[in-house]
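I opened this model to look up its surface patch, its cores and a few backbone angles. My entries follow the structure.

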Amino acid sequence: MAASPSTAEPRLASAPRRAAPKPPARWRSVLDLYAPTRLFVALGTIVVLFVLGYWVPFVESLARLAVLGLVAAALVDAVLLWFGGLGRAGHRAGDRASGRAGLALEREVPDKLSNGDPNPIAVRVTSRYPFPVHVRLIDEVPVQFQERTLDFRFPLAPGTAHTIDYAVRPVERGVYHFGAINAYVASPIGLLLRRVRAEADQEVKVYPSFLQMRRWAFLAESNRLAEVGVKRVRRIGHTMEFDQIRDYVPGDDRRAINWKATARSGDLRHGGTLMVNQYQDERAQPIYAVIDMGRAMRDPFDGMTLVDHAINAALVLLNVALLKNDKAGLVTFDARMKTVLPASRRRTQLPRLLEALYAQQPGFQDPNFEALYATVRRQLPQRGLLLLFTNLQTRASLERRLPLLRAIARQHRLVVVFFENTALRDLRGRPAERVSEVYVKTVAEQFAYEQEEIARTLQRHGIGALLTTPETLTVDTINRYLALKARGAI
């Protein structure tokens with residue numbers, strides 16, 4: 001009989017050796033029985049009675065009876081826990097998942113998880129016992145979550161089911177492994193616990209935030225982007241493509257009247273009609289998310305790296321671009337070029353973007369902007385909008401890259417998206433009470449001024465600059481894209 005339930009067995013790093021043989025099936029019931037606190041309390045009480053019986057013989061006799069009663073109750077409890085559920089449910093093929101037990105355990109996990117978002121997980125527990133039981137459930141979630149609080153305790157009536165819902169929030173992309181489901185069930189006697197273990201091993205991939213992408217797609221299609229902070233941009237002039245000539249209807253812009261087509265329709269006094277030009281948004285413009293995968297993008301924020309924040313924002317941006325009938329593409333690089341996905345508006349483009357972003361990992365070297373310029377010049381011949389996600393912290397880093405950025409900006413509309421240091425921003429907002437705090441705050445102000453000067457320098461050279469925080473990255477990026485599209489500046 002084991003001493004207490006355990007959530008996992010430690011694995012020691014040692015030389016390979018033969019796996020221990022599994023015990024026969026008839027002995028597994030003994031190995032799956034555990035002693036709860038109630039049993040140790042009863043044993044401790046009996047020990048006290050035996051000690052008191054040294055002076056009072058009657059108490060010793062009472063202690064011996066208590067031992068017999070405890071052993072009998074424990075045997076009855078073991079029989080109830082092991083055989084109590086078999087008569088109700090029988091042995092079906094599906095019962096093998098949780099063993100020949102009075103509990104059935106099932107876990108429902110999405111086909112893929114969304115990075116940075118709460119993802120729902122459900123565990124369903126079904127009782128086959130003819131009497132009420134109390135269940136303690138421990139789910140073996142992936143080690144990446146480092147979760148130690150998924151310990152659920154609840155009563156379960158005879159023949160009923162209970163569903164436990166919880167959420168997990170991954171902060172890095174990759175493959176996550178869910179382990180077994182462990183349940184410890186106690187009968188109304190409560191002297192023993194029986195472990196029911198369902199081998200529910202499952203691997204799930206964590207992709208960039210497709211939940212956020214779907215939410216933004218719904219808002220874009222229903223024209224409700226203003227609810228999440230996207231500004232309504234007023235169009236300046238005719239920044240749209242000609243679509244067709246149609247009859248004038250009240251409310252049309254009189255500047256769109258096509259007088260030549262009106263004249264061909266006949267005299268307005270004898271059945272002729274006014275004709276107007278109809279325009280549509282400029283379409284099929286290449287929109288590229290260019291992501292710096294260098295070491296500076298490994299900086300953490302809210303449990304995720306800046307790379308993951310940039311990837312999530314890029315996925316949303318490119319999906320919105322596809323909904324606006326533009327072409328979406330992707331470029332990633334660190335010390336060398338990693339991914340170049342040409343812009344396209346085909347139906348298969350979004351899954352290709354999702355798979356490409358899933359596989360990206362930041363490097364440990366500085367990014368190679370020379371390779372980026374050569375790739376853009378050679379492989380992206382059509383002029384488009386390039387949103388470069390990077391992490392510029394000092395003017396020295398900008399000066400090394402500025403000639404290459406200017407060269408790219410001569411061929412494409414380039415917007416550099418870089419991150420404000422939120423830790424320094426919070427530090428600047430605190431009141432300084434000591435001389436040392438005044439020095440620290442002065443340095444923080446100097447760093448903040450330097451980042452603002454970087455943005456002004458980029459704009460002086462005809463390069464768009466967007467200084468933002470990881471929290472507002474998606475909103476600010478989409479606002480800039482829609483503003484440039486409305487002005488016809490792509």
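**Surface patch**

I found that α2 (37-52) and α3 (57-83) each supply at least two residues of the nonpolar patch, helices here being DSSP runs of H or I with at least four residues and strands runs of E with at least two, numbered from the N terminus. This is a predicted model, in which local features need pLDDT of at least 70 and side-chain atom pairs pLDDT 80 or more, while totals for chains, interfaces and linings use all residues. Residues are numbered from 1 along each chain as its sequence is written, and side-chain values use heavy atoms, without hydrogens and water.

I noted Leu 68 in helix α3 as one of the patch members, and Leu 68 counts as exposed because its relative accessibility is 59% (buried is under 20%, exposed over 50%, partly exposed in between, with a 1.4 Å probe and protein chains only).

**Cores**

I then looked up the largest nonpolar core (buried Ala, Val, Leu, Ile, Met, Phe, Trp, Tyr and Cys joined through side-chain atoms within 4.5 Å), which has 45 residues, with Tyr 481 among those having the most contacts inside it. Helix α7 (306-323) is one of the elements that each supply at least two residues of this core, and α7 gives the most, with 13 residues. Another core, of 39 residues including Ile 46 and Val 125, lies apart from it.

**Backbone**

I checked Asn 325, in the loop between α7 and β17, where phi is positive at about 65° although the residue is not a glycine. Most residues other than glycine have a negative phi. Asn 325 counts as partly exposed because its relative accessibility is 26%.

Key
Patches are made of residues with over 30% relative accessible area and no salt bridge: like charges are joined within 9 Å, nonpolar side chains (Val, Leu, Ile, Met, Phe, Trp, Tyr) within 5 Å. Accessible areas come from the Shrake-Rupley method with a 1.4 Å probe; for residues, only the protein chains shown count as cover. A salt bridge is a side-chain nitrogen of Lys or Arg within 4 Å of a carboxyl oxygen of Asp or Glu.
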